[in-house]
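This report covers the ligand site, the pockets and the enclosed space of one model. Please keep the structure open while reading.

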Amino acid sequence: MRKKLAVANWKMNKTRTETQQFCQELRQALEQLHGTEVVICPPYTYLDLIAEQMGNTSVSWGGQNCFWEEQGAYTGEISPLMLRDLGCRYVIIGHSERRQVLGETDAVINRKMAAAFQAGLIPIICVGETLQERENNLAREVVKEQLVQDLHNLVPASHGLVIAYEPVWAIGTGVNASCDDAQQMIAFIREQLTNLYGEDRAASTPILYGGSVRPDNITEFMAEKDIDGALIGGASLDVNSFITIARSIANV
Ligand code: PGA
């Protein structure tokens, strides 16, 4: 059986005090969340605080990005080894905001994936089409190409791989994909994984949906057979809405 995941992507939000408050409230709700792995991806600057606050709980944490080298003259970058040092289990790679705003290419994402595996992190790789690509019937082709290039020459380490299907037009817009469209694309992604790595690996890789996930729409997504959880942006900032979403994922 595949594990289920509720992953909070805080992006560039929250203060230290807010992070602490969030952790306190989340700790009190953990008993309701058995059945899903809860992962918090805060800005780098709060990873130490999350480690301190959540260290003896079932919650995991991860970076929102990393560089592809272990160390060296790369001003401003953070390496996968540094994330490991802070107790991270996961790292988000290839988020559409990094692709679109920071200009990350599939070649760069491929190097970051390799570095993350090498460091023993579980990469959560994000793929998804723009609105224009969807309207031009190119969504599948685009997602397939991202997967092929981002995973080029990589064999997922035994500790794992997570994929997040995040249609760009659904991120932060309040307009989520229909659960039917999400299911179809995620089943398609599983097919691509089968082609790349065989059936067993494809069947055991968690694939998440992301893009305007909220407490009032998560249950529909989780009713779909290939959707194993969610990558949650805006709705993960409020601890109660995040707990409600995580509870719905846990209870499927
Ligand atoms: P959103 O963001 O939930 O605010 O749409 C999701 C994401 O970017 O991972």
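## Residue classes and the ligand shell

Ala, Val, Leu, Ile, Met, Phe, Trp, Tyr, Cys and Pro count here as nonpolar, Asp, Glu, Lys and Arg as charged, and the others, Gly among them, as polar. On that scheme, the shell around the ligand holds four nonpolar, seven polar and two charged residues. The model is a predicted one.

The ligand is surrounded by 13 residues. Lys11, His95, Glu166, Gly172 and Ser212 are the closest.

## Polar contacts and cover

Which atoms of the protein lie 2.7 Å from an oxygen atom of the ligand? One is a polar side-chain atom of Lys11. Another is a backbone N or O atom of Ser212. Gly233 also places a backbone N or O atom 2.9 Å from an oxygen atom of the ligand.

On its own, the ligand has 280 Å² of accessible area, and the protein covers 95% of it.

## The pocket that holds the ligand

Where does the ligand sit? It occupies the second largest pocket. The space in this pocket is about 240 Å³. Its lining counts 20 residues, and Gly172, Ser212, Gly233, Gly234 and Ala235 are the closest to its centre. Ser212 and Gly233 are thus named again: each has a backbone N or O atom at the ligand, at 2.7 Å for Ser212 and at 2.9 Å for Gly233.

Sorted by class, the lining of the second largest pocket has 10 polar, seven nonpolar and three charged residues.

## The largest pocket

The largest pocket contains about 470 Å³ of space. It is lined by 17 residues, and those closest to the centre are Met12, Gln64, Asn65, Arg98 and Leu102. By class, the lining of the largest pocket splits into eight nonpolar, five polar and four charged residues.

## Enclosed space

How many cavities of 30 Å³ or more does the whole structure have? The search finds one. This cavity holds about 40 Å³ of space. Gly94, His95, Ser96, Arg99, Cys126, Val127, Gly128, Glu166, Val168 and Ile171 line it. Helix 4 (96-100) and strand 5 (122-127) are the elements that give two or more residues to this lining.

The cavity lining comprises four nonpolar, four polar and two charged residues. His95 and Glu166 belong to this lining, and both are also among the residues closest to the ligand.

Notes. Residues numbered from 1 in each chain as written. Predicted model: local features only at pLDDT ≥ 70, side-chain atom pairs only at ≥ 80, totals over all residues. Heavy atoms only, no water. Near = heavy atom within 4 Å. Polar contact = N/O pair within 3.5 Å; in protein donor to acceptor, adjacent residues only side chain to side chain. Areas by Shrake-Rupley, 256 points an atom, 1.4 Å probe, with all protein chains shown as cover. 1 Å grid on protein atoms, 1.4 Å probe; cavity = no way out; pocket = protein on both sides within 12 Å on 5 of 7 lines; lining within 4 Å. Sits in = over half its atoms within 2 Å of the grid points. Points joined across faces, edges and corners; volume = space filled by probe spheres on them. Helix = DSSP H or I, 4+ residues; strand = E, 2+ residues; numbered from the N terminus.
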